[in-house]
Amino acid sequence: MRDSKQHNKPRGGERTDCEGGFTIIEMLVALSLLVMVIIPLSAVFMAGLRTSVITKTQMNARQVASAEMDRVRSLNFDAIGITGATAKHATAGHGVQVKADSGSGLAPVSTVTQGDNIFTVTRDVRNVITSSALTKKIIITVQLQTPLPGGSYTPYTLASEIGPTGMAE
């Protein structure tokens with residue numbers, strides 16, 4: 001006699017609707033699809049992170065250059081001078097540096113830390129001789145000392161002219 005509770009089991013390992021779960025093949029397919037989506041997204045995320053670090057570094061360099069320019073502008077016009085030549089030997093457009101011994105407290109080159117970055121700051125003063133007056137062109141260059149991971153950095157330069165009575169242009 002046949003038992004009414006007897007289940008008809010499929011042969012050859014076939015699955016019936018009453019058995020739950022996934023096979024290993026289904027799991028591998030799902031996992032490979034997931035990886036194919038995540039890898040490109042992670043590359044986009046990393047590029048965005050790298051861009052964020054570069055932007056932050058450039059912002060820090062701009063802040064350093066601006067602060068240094070304000071500091072030089074606050075000096076007496078005569079305290080911002082030339083090194084290695086006298087005023088009568090300096091010619092228009094030739095680069096000369098801030099006097100280190102002028103009492104200004106500014107050296108031609110210094111190191112400044114801003115945020116997570118260490119910068120080398122170069123101060124350059126150029127005489128600009130016109131028919132009416134002598135002005136000085138101040139050039140502040142900020143260079144990152146340590147390279148950025150996976151990115152390049154261009155030095156930031158800020159320039160301004162000042163005259164005996166203040167900013168010329």
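This is a tour of a predicted model, one selection at a time.

**The whole chain**

Start with the full protein chain shown as a cartoon. It contains one helix and six strands. Read from the N terminus, the order of the elements is α-β-β-β-β-β-β. The chain has 169 residues, and buried residues make up 25% of them. Among contacts with a separation of 6 or more, 54% join residues that are 24 or more positions apart.

Now switch to a surface view. The accessible surface comes to about 11,800 Å², and carbon and sulfur atoms account for 59% of that area.

**Colour by confidence**

Colour the chain by pLDDT next. The mean over the protein chain is 76, with 70% of the residues at 70 or more. Which element has the lowest mean pLDDT, and which the highest? Strand β1, residues 95–97, has the lowest at 40, while α1 has the highest at 90. Select residues 83–103 to see a stretch where the pLDDT is below 50. In the model this stretch still has 43 contacts beyond near neighbours in sequence.

**The nonpolar core**

Select I80, F119, I138, I140 and V142 and show their side chains. These residues have the most contacts inside the largest nonpolar core, which has 20 residues. Then highlight α1 (24–73), β3 (117–129) and β4 (134–144), each of which supplies at least two residues of the core. Which of the elements gives the most? Helix α1 does, with six residues. As a general point, nonpolar side chains in soluble globular proteins tend to be buried together.

Stay with I138 and display what surrounds it. Neighbours within four places in sequence are left aside here. I138 is in contact with M69, V72 and I80, with D124 and V125, and with L158, A159, S160 and I162.

**The hairpin of β2 and β3**

Select residues 109–114, which form strand β2, together with β3. The two strands pair in the antiparallel sense over six bridges. At V109, look across to β3, where T122 stands opposite. Then move to the turn: two residues lie between the strands of this hairpin, and G115 takes a positive phi near 65°.

**Salt bridges**

There are four salt bridges in the count for this model. Three of them are on this tour.

Begin with K56 and D116, whose side chains meet with an N to O distance of 3.6 Å. K56 is in helix α1 and D116 is in the loop between β2 and β3, so this salt bridge ties together parts that are 60 residues apart in sequence. Are the two residues buried or exposed? K56 is partly exposed, at 42% relative accessibility. D116 is exposed, its relative accessible area being 68%.

Next select E68 and R123. In this salt bridge the closest N and O atoms are 2.6 Å apart. E68 belongs to helix α1 and R123 to strand β3, so the pair ties together parts 55 residues apart in sequence. Both ends are inside the protein by the numbers: E68 is buried at a relative accessible area of 8%, and R123 is buried at 2% relative accessibility.

The next stop is R73 with D70, where the closest N and O atoms of the salt bridge are 3.9 Å apart. Here both residues are in helix α1; they are three residues apart, and about one helical turn separates them. R73 is partly exposed at 33% relative accessibility, and D70 is partly exposed at 43%.

**Q143 in β4**

Finish by selecting Q143, which is found in strand β4. Its relative accessible area is 32%, so Q143 counts as partly exposed. Which residues is Q143 in contact with, leaving aside its neighbours within four places in sequence? They are I118, F119, T120, Y153 and P155. Of these, F119 was also among the core residues selected earlier. For a last distance, pick the C-alpha atoms of Q143 and T111: the two residues are 32 apart in sequence and 9.6 Å apart in space.

Technical notes: Residues numbered from 1 in each chain as written. Predicted model: local features only at pLDDT ≥ 70, side-chain atom pairs only at ≥ 80, totals over all residues. Heavy atoms only, no water. Core = buried A, V, L, I, M, F, W, Y, C linked by side-chain atoms within 4.5 Å. Buried < 20%, exposed > 50% of the residue type's maximum accessible area, 1.4 Å probe, protein only. Helix = DSSP H or I, 4+ residues; strand = E, 2+ residues; numbered from the N terminus. Contact = heavy atoms within 4.5 Å. pLDDT = per-residue confidence, 0-100. Areas by Shrake-Rupley, 256 points an atom, 1.4 Å probe, with all protein chains shown as cover. Pairing = 2+ DSSP bridges.
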